[in-house]
Amino acid sequence: MSKNKEIICLGIESTAHTLGVGIIDSSGKIHADVRSSYMPPVGGGIHPREAARHHSNIAPKLIRDALKEAKLTAKKLSLISFSRGPGMGPCLRTGAVIARSVASYYKIPLVGVNHIVSHIELGKLLTKTKNPIILMVSGGTTQISSLTNNYYTVFGETLDISIGNCFDKFSREVGIHDPDNPWPGPIFDKVAAKGKNYHELPYSVKGMSVSFSGLLTAAIRLVKEGIKLEDAAYSLQETALSMLTEIAERAIAHTRAKELLVVGGFARNKRFHERLREICKDWELELSVCPYKYTSDNGTMIAWGGILDYTASGELMPNESLVLPDWRSDSVEIKWN
Ligand SMILES: Nc1ncnc2c1ncn2[C@@H]1O[C@H](COP(=O)(O)OP(=O)(O)OP(=O)(O)O)[C@@H](O)[C@H]1O
Ligand SMILES: [Mg+2]
């Protein structure tokens, strides 16, 4: 296939809870985006093998749904992309098997992309940012980076759990639960918004890295000591967001960047936007948040990452397409910039 021709890529996301299938073309037009999430047991986290079973059961229907939404047949696709890592081994392997099967059956080139880099690249496409500082905040990741010398250099990251996971664990532990959504993020936001009294909690910033596990334990202890749930959630949220705001400000001061981009599922936290807007105003820089629908895991970002990677590096041979569960985003050479 000529690399100058329009590419239509189907992307398969399967790193954790979500199987997502997205279709995008090389002009950046999104043709389809369908998803299905594995439901963890009430009050529990993801069981990787159960999530992988969910993904393999739902995949044929989801691929058909995506093609239907895009009004395309599989033969019209020019590229198949899958998330190669980082993520949970059983979930990644399931996505890879599906991608290899579709690619080899229809004789379509295959690429395997980094999940975190794909979150960032779709965020950049949709917000039209050029060279932002990036806060990648989700259920599995908390990282601050920017593109320097063709790598997303990580200035700082969490030294233990991610911000999303910290709030999710707190919610599960203290019984904040939404019967319609296995991820407590949105309901935690509502509870924390009702809090009024701030209680001192451990604040842990080391250079441009952060640590949330001591903060989590202390916030749970507040509730056990009889502090109102709303106030404990509010105190936890304000402390954690102050930590992230501090590292963002340091990165801005260090790079003098003109744009700050927030991607990942936790980018939906409204209070986080308010806190970041304060520093962006001080530093006269633009805050860009990935559009709500595309913050959490989706196939479209994998399809877009696939187009960028294929255009720069060509296809990945199926016999060399092993998954990479520990693949760091800062080890990926960004050849397409
Ligand atoms: N409105 C919200 N406010 C805060 N957090 C939210 C909101 N909606 C979702 N989240 C959080 O986003 C996280 C899920 O995001 P995402 O799907 O991007 O993460 P992940 O795939 O688990 O992690 P990673 O992308 O690092 O592999 C969960 O922790 C969830 O609670
Ligand atoms: Mg993700």
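Visitor: Which domains does the domain assignment give for this protein?
Guide: Bear in mind that this is a predicted model. One of the two stretches is continuous and the other is written in two pieces, going by the assignment's own bounds. The assignment gives domain 1 (8–120 + 297–331) and domain 2 (129–294).

Visitor: How far apart are the centres of domain 1 and domain 2?
Guide: The centres are taken over C-alpha atoms. On that basis, domain 1 and domain 2 are separated by 27 Å.

Visitor: And where they touch, which element supplies the largest share of domain 1's side?
Guide: The contact involves 13 residues of domain 1 and 15 residues of domain 2. On the domain 1 side, α3 (115–127) and α9 (299–313) each supply at least two residues. By class, that side has seven nonpolar, five polar and one charged residues. The largest share, four residues, comes from α3.

Visitor: Where does ligand 1 lie relative to the two domains?
Guide: Look at who contributes to the shell around ligand 1: domain 1 gives residues, and domain 2 does too. Ligand 1 therefore lies between them.

Visitor: Which residues are closest to ligand 1?
Guide: The shell holds 22 residues, and they divide into five nonpolar, 13 polar and four charged. The closest ones are Gly139, Gly140, Gly164, Gly185 and Gly265. As for elements that give two or more residues to this shell, they are α4 (163–174) and α5 (185–193).

Visitor: On α5, which residues are buried, and on how wide an arc?
Guide: The buried residues of α5 are Gly185, Phe188, Val191 and Ala192. They sit on the same side of α5, because around the axis they cover an arc of only 120 degrees.

Visitor: What covers those buried residues of α5?
Guide: Gly185 is one of the buried residues of α5, and Gly185 is also among the residues closest to ligand 1. The cover over the buried residues of α5 includes α4 and α7.

Visitor: Let's try α6. Why does its end-to-end distance agree with a helix of 12 residues?
Guide: Helix α6 covers residues 213–224. At 1.5 Å a residue, its 12 residues should span 16 Å. The end C-alpha atoms agree with that, being 17 Å apart.

Visitor: Do tell, which residues of α6 are buried, and which are exposed on the other side?
Guide: Leu215, Leu216, Ala219 and Leu222 are the buried ones. Down the axis of α6 they fall within an arc of 120 degrees, so they line one face of the helix. As a rule, an α-helix has 3.6 residues a turn, so residues three or four places apart point the same way. Exposed on the other side of α6 are Arg221 and Lys224.

Visitor: What covers the buried face of α6, and which residue follows the helix?
Guide: The cover over the buried residues of α6 includes α4 and α7 (229–255). After α6 comes a residue whose phi is positive, near 100 degrees, and that residue is Gly226.

Visitor: Is Ile23 buried or exposed?
Guide: Ile23 lies in strand β2 (residues 18–25). Leaving out residues up to four places away in sequence, Ile23 touches several residues, including Ile8, Leu10, His31, Ala66 and Ala303. With 25 other C-beta atoms within 10 Å, Ile23 is buried.

Visitor: What about Ile30, buried or exposed?
Guide: Ile30 is found in strand β3 (residues 30–37). Apart from neighbours within four places in sequence, Ile30 is in contact with Gly22, Ile24 and Thr300. The cut-off for a buried residue is 20 or more other C-beta atoms within 10 Å. Ile30 has 20 C-beta neighbours inside 10 Å, so Ile30 counts as buried.

Visitor: Which residues does the cis peptide bond join?
Guide: Pro86 lies in the loop between β4 (79–85) and α2 (89–106). Omega is about -5 degrees for the cis bond, which joins Gly85 and Pro86.

Visitor: In the loop between β7 and β8, what is the phi of Asn149 and of Asn150?
Guide: Asn149 lies in the loop between β7 (142–148) and β8 (151–157), and Asn150 has its place in that loop too. Asn149 counts as exposed because it has 7 C-beta neighbours inside 10 Å, and Asn150 is exposed with 12 other C-beta atoms within 10 Å. Neither is a glycine, yet phi is positive: near 50 degrees for Asn149 and about 70 degrees for Asn150.

Definitions and conventions
Residues are numbered from 1 along each chain as its sequence is written. Chains are lettered from A and ligands numbered from 1 in the order in which they are written. This is a predicted model: local features need pLDDT of at least 70, side-chain atom pairs count only at pLDDT 80 or more; totals for chains, interfaces and linings use all residues. A residue is near a molecule or strand if its C-beta atom, placed from the backbone, lies within 6 Å of it. Ala, Val, Leu, Ile, Met, Phe, Trp, Tyr, Cys and Pro count as nonpolar, Asp, Glu, Lys and Arg as charged, and the others, Gly among them, as polar. Domain bounds come from an automatic or database domain assignment. Two residues are in contact if their C-beta atoms, placed from the backbone, lie within 7 Å. The expected span of a helix is 1.5 Å times one less than its number of residues. The arc is that of the directions from the helix axis to the C-beta atoms.
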